[in-house]
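Colleague: Could you take me on a close look at one part of this chain, the surroundings of a single charged residue in a strand? I would like to hear how that spot fits into the rest of the fold.

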Amino acid sequence: MPTMKRIVAERILEFRHSQDSKPKNVRVRIGAPQKEGNDWSVVYEIRGPGRRREKRKVWGVDSVQALHMAMGSVPVDVRGIEMLTGGKVTFLGGEDLMFPGFK
């Protein structure tokens with residue numbers, strides 16, 4: 001499992017099985033870019049809902065691209081969690097999780 005030495009960003013999302021259910025936190029943590037050979041990597045972690053925990057490592061040609069790849073990958077993984085659980089993840093009450101997309 002990839003290791004995250006230093007967290008540089010964190011966001012708390014909310015998960016609900018239904019509109020009437022009590023929300024559960026989904027914590028997203030993004031690690032500092034790390035040089036790996038000629039490339040850079042970023043580890044990010046999604047904790048929740050419940051005991052669910054996923055860590056991923058993404059790469060880029062420089063630290064900016066590695067951060068961008070991590071930020072763009074988070075919503076994809078969160079939507080996968082929704083599909084697996086049948087619930088909905090929101091940020092500040094809205095479906096837009098406020099992470100950049102890939103272009």
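Modeller: Happy to. Let me begin with charge, keeping in mind that this is a predicted model. The chain carries 19 positive and 12 negative charges, and the mean positions of the two sets lie 6 Å apart. One of the residues worth a close look here is Glu45, but a little background on the fold will help first.

The chain has one helix and six strands, and along the sequence they come in the order β-β-β-β-β-α-β. For 103 residues, a compact globule would have a radius of gyration near 13 Å, and the chain, at 14 Å, agrees with that. Its C-alpha trace spans about 50 × 30 × 20 Å along the principal axes. Of the contacts with a separation of 6 or more, 44% are between residues 24 or more positions apart. As for the surface, about 6,500 Å² is accessible, and carbon and sulfur atoms account for 52% of that. Buried residues make up 35% of the 103.

Now to the residue itself. Glu45 sits in strand β4, which runs over residues 39-47. Is Glu45 buried or exposed? Its relative accessible area is 3%, and the cut-off for burial is under 20%, so Glu45 counts as buried. Its side chain has a polar partner: the side chain of Arg47, at 2.9 Å. Beyond four places in sequence, Glu45 touches Met4, then Arg27, Val28 and Arg29, and also Arg53, Glu54 and Lys55.

One of those contacts, Glu54, deserves its own visit. Glu54 belongs to strand β5, residues 53-60, and with a relative accessible area of 16% it is buried. The side chain of Glu54 is joined to that of Arg56 by a polar contact of 2.9 Å. So here are two buried glutamates, Glu45 and Glu54, each with a polar contact to an arginine side chain, Arg47 for Glu45 and Arg56 for Glu54. Leaving aside neighbours within four places, Glu54 is in contact with Tyr44, Glu45 and Ile46, and also with Asp77 and Ile81. Helix α1 covers residues 63-85, so the contacts of Glu54 with Asp77 and Ile81 are contacts with that helix.

From here we can step over to strand β1, residues 7-16, where Ile7 is found. Ile7 is 38 residues from Glu45 in sequence, and their C-alpha atoms are 9.8 Å apart. Ile7 has a relative accessibility of 42% and counts as partly exposed. Its contacts beyond four places are Arg29, Ile30 and Gly31. Arg29 appears among the contacts of Glu45 as well, and is thus touched by both Glu45 and Ile7.

Last, back to helix α1, and to Ser63 within it. At 25% relative accessibility, Ser63 is partly exposed. Outside its sequence neighbourhood of four places, Ser63 touches Pro33 and Trp40; Trp40 falls within strand β4, residues 39-47, the strand that holds Glu45. Further along, Gly80 is 17 residues from Ser63, and the C-alpha atoms of the two are separated by 26 Å.

Notes: Residues are numbered from 1 along each chain as its sequence is written. This is a predicted model: local features need pLDDT of at least 70, side-chain atom pairs count only at pLDDT 80 or more; totals for chains, interfaces and linings use all residues. Side-chain values use heavy atoms; hydrogens and water are left out. Helices (H or I, at least four residues) and strands (E, at least two) are DSSP runs, numbered from the N terminus. The radius of gyration is taken over C-alpha atoms; the globule rule is 2.2 Å times the number of residues to the power 0.38. Buried means under 20% relative accessible area, exposed over 50%, partly exposed in between (1.4 Å probe, protein chains only). Contact means heavy atoms within 4.5 Å. Accessible areas come from the Shrake-Rupley method with a 1.4 Å probe; for residues, only the protein chains shown count as cover. Lys and Arg count as positive and Asp and Glu as negative; His and the chain ends are not counted. The place of a charge is taken as NZ of Lys, CZ of Arg, CG of Asp or CD of Glu. A polar contact is a pair of N or O atoms within 3.5 Å; within protein, one must be able to donate a hydrogen and the other to accept it, and residues adjacent in sequence count only if both atoms are side-chain atoms.
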